[in-house]
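Reader: Hello! I am new to this structure and would love a close look at one part of it, the aromatic rings.

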Amino acid sequence: MRTSWKWSAAVLAVGLVVAGAGPAGAADEGRVVGWVFFDRDGDRGRDADEPPRVGASVTVRGVGSGVERTGVTDGEGRFEVAGLPLGAYDVTASAAGYRSLDASSRRVELADATPVNAWFPQQGGEISGRAWLDADGDGVREGGESAVDTTFTLIGHSDHEGTVLRALPSGGGQYAFHDLPAGTYRVEAAAPAGTRATRPLRGDWRADSNVVGTPLSTPPTRLPVAWWAYDLDAGFAPGSGPLNPGLVNALSGWCLDQEYPQGTATTGVGAYHCNGQANQRWVLRWDSADTAVVVDELSGWCLDQEYPQGTATTAVGAWPCNGGANQRWRMERDHYDDTTTLVNALSGWCLDQEYPQGTVTTGVGAYYCNGQANQRWKFQ
């Protein structure tokens, strides 16, 4: 049970009068004070462990008077706007990316120099999970498999594109990032010494372990609204092994493959039965929270939507890396089935295993996105 204290509007008003004790201001001026905070349990009261929202913009507009003032919340989530002519005002706290639990704008009346309170409970999203010792290496968390401690880092694509927002040591194998604005995020995990990351065995679509690649990272996860919560877990098995994932088509179960007939690299990319070879494993070189260059592990060439003479085509191949936008792919993950759509950063078209007349082929191209399973891929 968590110990908590609650601030009601009445208690806040009393406290603020005390805080404002001292020489009275001008009789014809008033002030608005209050707090913006993260109301994690949604009860509209502030618990001791519910943090302030720092740096939130607050606007105070006179009703019919044209008076407008702004303030910013401090390290305690508190704001104060003073020197206001007496009268009615609408007070608004910015909530971009967050959920306002009450009205985002409040009407207050300044009748004298007594400070009037306006406070704003808001909510953000959450990404949390755990790390565990995957003793049998199957990527599925089972009873009796113990927790391990490691460090998780949240990479955010919102107001902080491609930057590390926070790094958090897990306790008892668990971690949580709270109070996140709507946006797209990845979670990177550090592998404990002597372990390798695991994923569910190919053909087993359970996905208890979500990390792949170097650095170990989850695919991007989008918080479309700020109060959603996702679990992203990391399984680690003793030993070492391949870290770079295969990309398995959700419809066919075949693997994305840079073609090597007679052992010689070609620019061809297709979908073939999975064989675990290096030409079917792909290195993800992230350049933001949700966009990566996808590099064949064997050749070192980049997955490329082809643009001869600068015109987009449906062809996809593997070519020496050149830094072009047509070699960058935005990852759009479906949290519910753990599949990812790869959208070309230049064209906006989706990586697609071709199914003319509904019959599977080895062809892979880039086509207008349609949400079908042949345009969704599983990191494996």
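To start with one ring: is Tyr98 buried or exposed?

Author: Happy to help! This is a predicted model, in which local features need pLDDT of at least 70 and side-chain atom pairs count only at pLDDT 80 or more, while totals for chains, interfaces and linings use all residues. Residues are numbered from 1 along each chain as its sequence is written, and side-chain values use heavy atoms, leaving out hydrogens and water.

Tyr98 counts as buried, at 19% relative accessibility; buried means under 20% relative accessible area, exposed over 50% and partly exposed in between, with a 1.4 Å probe and protein chains only.

Now to its partner. The structure holds six aromatic pairs; rings of Phe, Tyr and Trp (its six-membered ring) pair if their centres lie within 6.5 Å, and planes under 30 degrees apart count as stacked, over 60 as edge-to-face and the rest as tilted. One of the pairs joins Phe38 and Tyr98, tilted at 55 degrees between the planes and 5.3 Å centre to centre. Because Phe38 lies in strand E1 (residues 29–38) and Tyr98 in the loop between strand E5 (87–93) and strand E6 (99–100), this pair ties together parts that are 60 residues apart in sequence. Strands here are DSSP runs of E with at least two residues, numbered from the N terminus. Phe38 is buried too, with a relative accessible area of 6%.

Phe79 and Phe120 also form a tilted pair, with centres 6.5 Å apart and planes at 40 degrees. Both Phe79 and Phe120 are buried. Elsewhere, ring pairs link Phe152, Tyr175 and Phe177 into a cluster.

Definitions and conventions. Helices (H or I, at least four residues) and strands (E, at least two) are DSSP runs, numbered from the N terminus.
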